[in-house]
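Reader: I should be grateful for a close look at the salt bridges of this model. Please describe which side chains pair, where they lie and how far they are buried.

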Amino acid sequence: MLDRYINLLKSGEVVAFPTETVYGLGADAKNPDAVKKIFEIKGRPSDNPLIVHISDKKQAKYFALEISDDAHKLMDAFWPGPLTLIFKKKPQVLDIITAGLDTIALRWPKHPLSQQLIALAGPVVAPSANSSGKPSPTKAEHVKEDFGDDFPVVNAGETEIGLESTVLDITSEPYTIYRPGAVSADEISRIVDKDVIQDSGSSKDETAKSPGTKYSHYSPEAKVQWISSGDTTFIDEALYLLHSRPAPRKSDRVIHYEGNFNKMAHELYDRFRHADHQNLEFVFVEPFSSEQLQNPIVQALQNRISKALG
Ligand code: TXA
Ligand code: MG
């Protein structure tokens, strides 16, 4: 089933494929012309570096200058899975991948189809398979929405987690999370027995350490807003995403997650896109309490929703 996609990758073409987080847009990580196509197709700023996806630990050696004891511990604990690690890069790594930085982001995704694809086609760079600025795709249909019906997508239905991987910089201490995801600071901290800090990048600064964090992201056309605490009015031209407060009425515009934050993460980007299909003006989201924010997936939700606010 994967033959066609493997051949496309080997011949320098771009292919979308599922991971456990979101769909990725893959290209051969050793072919500069193929990598260039990724930036063109997505309309991605050239100063925003890409994650190289690998399918075993050994492949990391081609890209990472040095793999520390802590790096090994983290790879053993969380790979394959939704953790991207940033290493100092080897000189042979293509500059176009790293946007001129001296570091490289690596991830071993868990989805079996992504693993097979990479094992047979070699390491691939893979940003989320959306046009720049759109919500990341969690279904093959989302990829086709952005890149056309004929775009090659390995279709495996909905992705499991629905939000992108945790991005962790281990090139200097304290280790720093640039993008929160399903793997939490606490879990990482326990494995390496060191403090881990969050820098999920409110910085719009040109020198942001993780360039992706300075761009607006994940936004639907509809304006995303937090529901203010005293607000009990519900308007028609809006989608409501609730998790705890009572729902005012049954409606397909009022989605209640009943405290199931994994489900909320799984569906968030699809709900954003759906709001646009219905030409809704707003997406209103119930804010999270500080207690709920102890949950890593809620931290990731908070981060993505904050970046989508309009
Ligand atoms: O879950 C994911 O990570 C998905 C799936 C497809 O694997 N990929 C993904 O890639 O979200 P992308 O390109 O949409 O986001 C990668 C993030 C960006 O914010 C980028 O700036 C950051 O990782 N990044 C990549 N390389 C970096 C580096 N060397 N230093 C700092 N940040 C880096
Ligand atoms: Mg992305």
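**Salt bridges in the predicted model**

Author: In this predicted model, lysine 88 and aspartate 102 form a salt bridge, with their closest N and O atoms 3.4 Å apart. Lysine 88 belongs to strand β4 (residues 83–88), whereas aspartate 102 sits in the loop between α5 (95–98) and β5, so the pair ties together parts that are 14 residues apart in sequence. Lysine 88 has a relative accessibility of 37% and therefore counts as partly exposed, since exposed requires over 50% and buried under 20%. Aspartate 102, at 45%, is likewise partly exposed.

Salt bridges with shared partners also join Asp70, Lys73, Glu173 and Lys194 into one network. Within this network, aspartate 70 pairs with lysine 73, and the closest N and O atoms are 3.8 Å apart. Both residues are in helix α4 (residues 69–78), three residues apart, which is about one turn of the helix. Aspartate 70 is buried, at 8% relative accessibility, while lysine 73 is partly exposed, at 40%.

A further salt bridge brings together the side chains of arginine 107 and glutamate 20, at 2.9 Å from N to O. This pair links distant parts of the chain, 87 residues apart: arginine 107 is in strand β5 (residues 103–107), and glutamate 20 is in the loop between β1 (15–17) and β2 (24–28). Arginine 107 is buried, with 2% relative accessibility, and glutamate 20 is buried as well, with a relative accessible area of 3%.

The pairs described here are among the 16 salt bridges counted in the model.

Conventions:
Residues are numbered from 1 along each chain as its sequence is written. Chains are lettered from A and ligands numbered from 1 in the order in which they are written. This is a predicted model: local features need pLDDT of at least 70, side-chain atom pairs count only at pLDDT 80 or more; totals for chains, interfaces and linings use all residues. Side-chain values use heavy atoms; hydrogens and water are left out. A salt bridge is a side-chain nitrogen of Lys or Arg within 4 Å of a carboxyl oxygen of Asp or Glu. Helices (H or I, at least four residues) and strands (E, at least two) are DSSP runs, numbered from the N terminus. Buried means under 20% relative accessible area, exposed over 50%, partly exposed in between (1.4 Å probe, protein chains only).
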